[in-house]
Amino acid sequence: MRYDLDQLETFLAVLELGTVTAAAARLNLSKSVISKRISDLELELGTALFRRNAGRIAPTESAQRFAERIRPALADLRSAAEAAAWGSTEQLRGTLSIAAPMSFGTLHLSLILGQFAAQNPALSLRIEYDDRTVDLAREGFDLAVRIGPLQDSALMARKLCNDVSVACASPAYLDRHGRPETPLDLTGQPVIGYSHMPNSTLWRFRTGRRDVHPAIREAAMVNNGETMRDLAISGIGLAMLPGFIAFPAIASGQLEQVLPEATTRDMPISAVWPHIHPMPAKLRALIDFLADELADGAPWKTP
């Protein structure tokens with residue numbers, strides 16, 4: 001049985017992206033080359049990897065099982081090849097694929113990644129911002145930045161910094177409804193929820209040794225933190241925002257923090273990556289760079 005790495009990389013790209021066209025765009029190849037590589041691989045394996053129907057393709061069960069086996073093997077092979085080829089030099093090479101939440105990416109991460117790229121001109125970065133939780137192995141990412149408590153124990157992780165949840169509203173809203181003095185003063189008030197977080201309209205405040213959950217009501221449910229901020233600025237309700245979104249708006253006077261003396265949910269910001277040994281130098285360098293740049297919550301600060 002003979003097949004090459006190009007075939008395997010092409011197969012994973014088609015599986016991840018769902019179309020030959022998208023895979024061709026990512027790999028900078030023609031659709032005919034992509035199709036031939038897939039056909040040749042199917043011939044070598046003796047099984048169909050995709051079902052084709054009216055221009056659409058869908059992976060077979062064989063394709064899913066095959067992908068689960070080859071993803072870690074290819075990652076190890078890339079790591080070994082890079083260590084052998086570039087281990088004796090200080091210059092980082094190759095490609096790093098990075099996923100991060102949209103708002104954190106556009107507000108803070110892009111500048112940091114730009115600095116890292118400028119220091120490593122032989123390294124190519126593939127960056128995708130999306131608020132959903134991506135499957136790193138299945139979607140071909142080397143690293144993701146995640147906000148909040150981590151759920152996937154199969155991933156390696158390093159905390160980059162701590163952030164906090166901030167309850168806030170526009171000054172005009174608080175002028176109309178009053179400024180709460182205790183968490184229970186929020187009972188019945190409208191809030192803006194975040195659809196990617198379970199129970200995002202179940203707010204918790206800790207006062208002394210007691211947790212308080214005011215009975216609030218949903219004014220809107222959105223899938224992006226900056227949209228939550230903008231709706232709060234418009235005055236339709238309160239929002240519980242991460243500090244990296246809330247504090248600049250508070251500093252500018254567009255929002256006002258509510259109940260600043262009450263403790264809310266911690267929001268650790270972490271880097272996560274699939275287990276790989278040895279860790280590629282480029283991945284270790286990026287994680288160290290992020291940790292240095294985000295130490296003490298920089299570049300945002302509490303008001």
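Of the 303 residues in this chain, 43% are buried, a label given to residues under 20% relative accessible area, with exposed meaning over 50% and partly exposed in between (1.4 Å probe, protein chains only). This is a predicted model, in which local features need pLDDT of at least 70 and side-chain atom pairs count only at pLDDT 80 or more, while totals for chains, interfaces and linings use all residues. Residues are numbered from 1 along each chain as its sequence is written, and side-chain values use heavy atoms, with hydrogens and water left out.

**The chain as a whole**

The chain holds ten helices and 13 strands; these are DSSP runs numbered from the N terminus, with helices being H or I of at least four residues and strands being E of at least two. About 15,900 Å² of surface is accessible, and carbon and sulfur atoms supply 51% of that; the areas come from the Shrake-Rupley method with a 1.4 Å probe, and for residues only the protein chains shown count as cover. Among contacts (heavy atoms within 4.5 Å) with a separation of 6 or more, 75% join residues 24 or more positions apart.

**Two nonpolar cores**

A nonpolar core here is a set of buried Ala, Val, Leu, Ile, Met, Phe, Trp, Tyr and Cys residues joined through side-chain atoms within 4.5 Å. The largest one has 44 residues, and Leu143 and Leu290 have the most contacts inside it. Not counting residues up to four places away in sequence, Leu290 touches Leu109, Ile112, Leu113, Leu143, Val145 and Leu160. Apart from this core lies another, of 19 residues, including Leu12, Val20, Ala24 and Phe66.

**Where H2 meets H3**

Let us turn to a helix pair. Helix H2 (residues 20–27) packs against helix H3 (residues 31–45) at an angle of about 110°, and their axes are 9 Å apart. Such axes are lines fitted to C-alpha atoms, for helices over the stretch in contact, and angles run from 0 to 180 degrees between N-to-C directions. H2 and H3 are therefore roughly perpendicular, the term for 65 to 115 degrees. From H2, Val20, Thr21, Ala23, Ala24 and Leu27 meet Lys31, Ile34 and Ser35 of H3. By class, this contact has five nonpolar, two polar and one charged residues; Ala, Val, Leu, Ile, Met, Phe, Trp, Tyr, Cys and Pro count as nonpolar, Asp, Glu, Lys and Arg as charged, and the others, Gly among them, as polar.

Ala23 in helix H2 is buried, with a relative accessible area of 0%. Leaving aside neighbours within four places in sequence, Ala23 is in contact with Ala13, Val14, Leu17 and Ile34. The C-alpha atoms of Ala23 and Thr10 are separated by 7.2 Å, although the two are 13 residues apart along the chain.

**Loop residues worth a look**

Most residues other than glycine have a negative phi. Two residues here have a positive one, as the table shows.

| Residue | Phi | Loop | Relative accessible area |
|---|---|---|---|
| Asn28 | about 60° | between H2 and H3 | 71%, exposed |
| Leu259 | near 50° | between strand E12 (256–257) and strand E13 (266–274) | 4%, buried |

Thr60 also sits in a loop, between strand E2 (56–59) and helix H4 (61–86). Thr60 counts as buried, at 10% relative accessibility. Beyond neighbours within four places in sequence, Thr60 is in contact with Ala48, Leu49, Phe50 and Arg51.

Key. Angles under 35 degrees count as roughly parallel, over 145 as roughly antiparallel, 65 to 115 as roughly perpendicular and the rest as oblique.
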